[in-house]
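Reader: I have the sequence and the model open on my bench computer. Could you walk me through a few parts of it?

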Amino acid sequence: MAIEIHTLPEHMPNDALRYVGKPVNRVEDPALVSGTVQFIDNLSLPGMLHCAILRSPHPHARIVSVDVSAALAAEGVVAVISGEDVKRWCVPGFTAPEGWGNYCMAVDKVRFVGEPVAAVAATSRYLAEDALELLHIEYETLTPVCNPEQAMAPDAPVVFEERGTNVMLHRDYTWGEVDRVFAEADHIISRRFRWNRVGANPTETFGCICQWDLADNSLTCHGAYQTPRFMAIGRAASLQLPANRVRIVTHPQGGGFGGKGGPRGTDIAALLSRKSNGRPVKYIEDRMEYLLAGGGQSWDRYYDAALAVKADGTVTGFRVHLVDDQGAGAEGYGTISAAKPLAAFTGNYRIEAASYDLTLVATNRAPTYPYRGYGPPPHNLVLESLMDCTARELGMDPAELRRQNFIRPEQFPYTVPSGNEYDSGNYEAVLDRVLEIADYPALRARQAAARAEGRLVGIGVVGTVEPGVFDWNAYATVGVPGVGVPEGVKVGLDVFGNVSVAVGFSLQGQGQFTVAAQVVADYLGVDMAQVKISTASSDVALPHFGQGGSRLGVAVTGAILGACEKLNAMFCKVVAHVMQAPEESIVLRNGRLYRVDAPEHGMSLAEIAGLMLSRSDLLPPGVEPCPEATYVWTSPNRNAPDDQGRCRSYLTAANATHVALVEIDRDTGRTHILDYCIVDDCGTRLNPANVEGQLQGGVAQGVGAALYEEYVYNDECQPLVSTFVDYLMPTIHEVPMTRKDHIVTPSPVSPLGAKGCGEGAMHTTPATILCAINDALAPLGKEMLETPASPHRLWKLLHEDQATSA
Amino acid sequence: MKPAPFDYHAPATLDEAVALLTRLEDEGCDMKIIAGGQSLMPMLALRVARPEALVDLRRLDTLNYIRDDAGTLAIGAMTSKQAAADSALVKRAQPLFHAATELVGHRQIRNRGSVGGSFAHADPASEYPAVALVLDTEFEAVGPDGARTIPADEFFVTYMTTSLETTEVLTAVRFAPFAPQRRWAIQEFARRNGDLALAGVALTLNVDGGLCRDVRIAAFGVEATAVRLTAAEQLLEGQPAQAAQFEQAGKAGAAQLDDPMSCIHASSAYRRHLIGVLTTRALGEAAARTH
């Protein structure tokens, strides 16, 4: 039976939706605000040991010897592991591209500062850390490779010696007649950009408790896991266990943002449990470990890019040359991050041809990991900055240049040169509305007045497309093997008519439990208070992916709708049988199943569930006594990529335009954000409050990337950032409270018309702020082409003409 | 990120504390006094500081007070910074010290952090030492030989070092009356609200008939300890309290710095530049202040 997934809320069998589309309170919040959520560090198991990890102080060194004897003899210490144990029991973790991986702990040599070298399990974390000081490691230091330029030099030291090169991947994509459009262009606008390392910093770092059952040879891992099913498969592979012997119990997480690098910590805790005769071992990554090498570093990029532009402002071509410093290995699937821009390479625009020359390089910096947005934030910064450069060169208003190049509403579905199909949108309406709420003419007048006083005031107007709901093919383009991206749920009723929903993911902050509860309550016509959402562990959960790729709100909605459709069909069958009526005459509407021709004859959901569970004699043939249904949703209509990586990868294309007004203090170089407006269009807003939270949070991270955050390394490849004194997350004082509105263009292809909306603000904010800064600098003829645009960098730029040494 | 092992002591009285410190000193013990712990605890957790013993002053309630002592403001060393920030007496009697207190960290930090702890810790980026240098400030300490009073210009020695003996407990800080007509300002440059300052300036002056008198300017966040910008002070003495003079004073103050610190957020040259900017701006702010 083909299941039809409704693409509009009004298609649900309910005359008056109570929850979908409304800013209902989140079901997650009572536990969060009352402090009863069981985060992993709140959990203790009987006999539990605590893990501490010794990390490499060198960016590149051979391990000559490891002496663990003194540590093993120390108070409270039960087990110690080092590279020798890992070599015996493990294989290197999965990487993309393949074969650029490390073991969970250094074997024979270390490749970055912070790489685990040995680990201790002891009766307390204090004793475990004391024991680390008794480990004796002898290193023979090697010359580090500090950046891509060094890495690609002819005689460069090689980070992964078995590979013989530091170039992990080089690909050159061409989409359309790029050479021709550049040859025919009236203007070629080109710049080089440097995006320095930033990354995810969730409130809670990674943590887990692993227990190896030596009798069953199985492993149970409780932890803060973002993608539990992948974690189970990955641990089975790296620890050489059958996949059905690894059970992941995911706990609510204090944020994720893609950066929680769980594999290493999990494998190390698991091996310590194995070596401690199966005692549970807890590993809580501390902030210093996280900042040094915990999976929170992303996007270390060097861009050289150009636009081909006609005299009238029509942009015809976009060339991007990217060198991406992946750090010491591809365990964070950096290929995928570099490839994601294919889903919206040319942004909002009708750019007819594009090319992408992509080089991923290994260095002795920490491996890079996913971060919210997964690649487009730097890419959009490049594209949108070039649009602003174009506007300046042509003497056009940047908003109008963008309007002129927008994809038109009647052109959807629209296939971009890099292959993805945008489902729907109305970019001009979004632009018009944001210019209206920002009062753009007034902002320009304010800018003119400020400039007359010699002040540096600038405006950024930046629109982007947010590819939402990724699928397997998005990453097949860069050789990542098939990783399915399904979302499965089970929906069941009890005899009282309560609804239970089992999902595969856990709380992370975005509110998908609430979305699931809203959709199921409105479909079945029950009160949200009757709905309970819970997380199934990986051994019993249906195939699922969880948070990632701006997909879960949409995907879980699709899964709930699918399961409800199956319940609906089954209940109609049962009711028809009981009432001795034709099946087609029974409908579900407003929480009740009844005869269309005699609505007074019907049954409530509780009556049906009760009958099914208790009176098997009354059930029609073939119907089991089980008022439950499962559904595994995945994006419809996906296809395989061609030889240039082109495919329908992301199901939805949300869109937003941000307007920022900034002022740069000439004397100090500090940028003040004076005003910030957003209008977005993510189709149906399933829970407008959740969407607003996603927007405001994305702006915060965007402000961080644009102005504050940076993982700094020195010339010897030593990280200079290891605490929040140096890694500057913006706080509530630094992040503007945005003024917002929205447009609704429902997706014609997604469940209830909703579009992925988890990353768009992060896609847009860094570009908006940098464009505003460059607009402010325009009268001086200067440009800031590096992030973060810190006060020190801006001061140097402003004062470089003077004989000031900086 | 757990401290290395240490012995923990929490004496009940000041006498006990001094006796304990004296005994530990005699035993050759590397000990450290802990007050609010807002600076020391992270250093312990990072194992940057690893004393053999901690002497916690938290039980010394007698060191927790704010009082007007015949016009002199006396603040007990264990008084929390937030208590000082919330005190109407402090705000009225010592507006510069009060403003500086509000610049320290965030409220949560000020709730735990003590007034005495910041002075004794003598972090070069701290506002307090600079404020002490431009006010008439004295420190009271009690040691095995009894109590003594240390003027501010003898108290701060160098990077995180004061003239307190290891067996001495800082008990109070005393500020001489702040003349009502005296002008003041404090300005600092930090990357984020509440961060340690990359550069800062605290100053006091009189404006007498439009002329600057008795100017005192101290910079913080730039050298090993807070430093008086004497070149700027001398340049302003008797000069008109006007923008052009303030600009020159800023330049003179910046030029006077020996070798400002450097870190990933600010080079030495940038810090020097910032001191000039902040000096000029703070002078403008102070001159414009109406009482």
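Reader: What should helix α11 (residues 243–256) of chain B span, and how far apart are its end C-alpha atoms?

Author: Happy to help; this is a predicted model, where local features need pLDDT (the predictor's confidence in each residue, from 0 to 100) of at least 70, side-chain atom pairs count only at pLDDT 80 or more, and totals for chains, interfaces and linings use all residues. Residues are numbered from 1 along each chain as its sequence is written, while chains are lettered from A and ligands numbered from 1 in the order in which they are written. Helices (H or I, at least four residues) and strands (E, at least two) are DSSP runs, numbered from the N terminus, and the expected span of a helix is 1.5 Å times one less than its number of residues. With 14 residues, α11(B) should therefore span 20 Å, and its end C-alpha atoms agree at 20 Å.

Reader: Which elements do the buried residues of α11(B) pack against?

Author: A residue is buried if 20 or more other C-beta atoms lie within 10 Å of its own, exposed if 12 or fewer, and partly exposed in between, with C-beta atoms placed from the backbone. In α11(B), the buried residues include Phe246(B), Ala249(B) and Gln256(B). Contact means that two C-beta atoms, placed from the backbone, lie within 7 Å. The partners of these buried residues, all in chain B, are β13 (211–220), α10 (230–236) and α12 (268–288).

Reader: Which helix gives the largest share of the largest nonpolar core?

Author: A nonpolar core is a set of buried Ala, Val, Leu, Ile, Met, Phe, Trp, Tyr and Cys residues joined through C-beta atoms within 7 Å. The largest one has 284 residues, and Ile560(A) and Leu203(B) are among those with the most contacts inside it. Its largest share, 14 residues, comes from chain A, from helix α17 (residues 552–579).

Reader: Which element gives the most to the side of chain A that touches chain B?

Author: The contact takes 22 residues from chain A and 16 residues from chain B. On the chain A side, two or more residues come from each of α4 (125–132) and α21 (791–799). The most, 4 residues, come from α4(A).

Reader: Is Asp642(A) buried or exposed?

Author: Asp642(A) sits in the loop between β25 (628–633) and β26 (652–664) of chain A. Because 10 other C-beta atoms lie within 10 Å, Asp642(A) is exposed.
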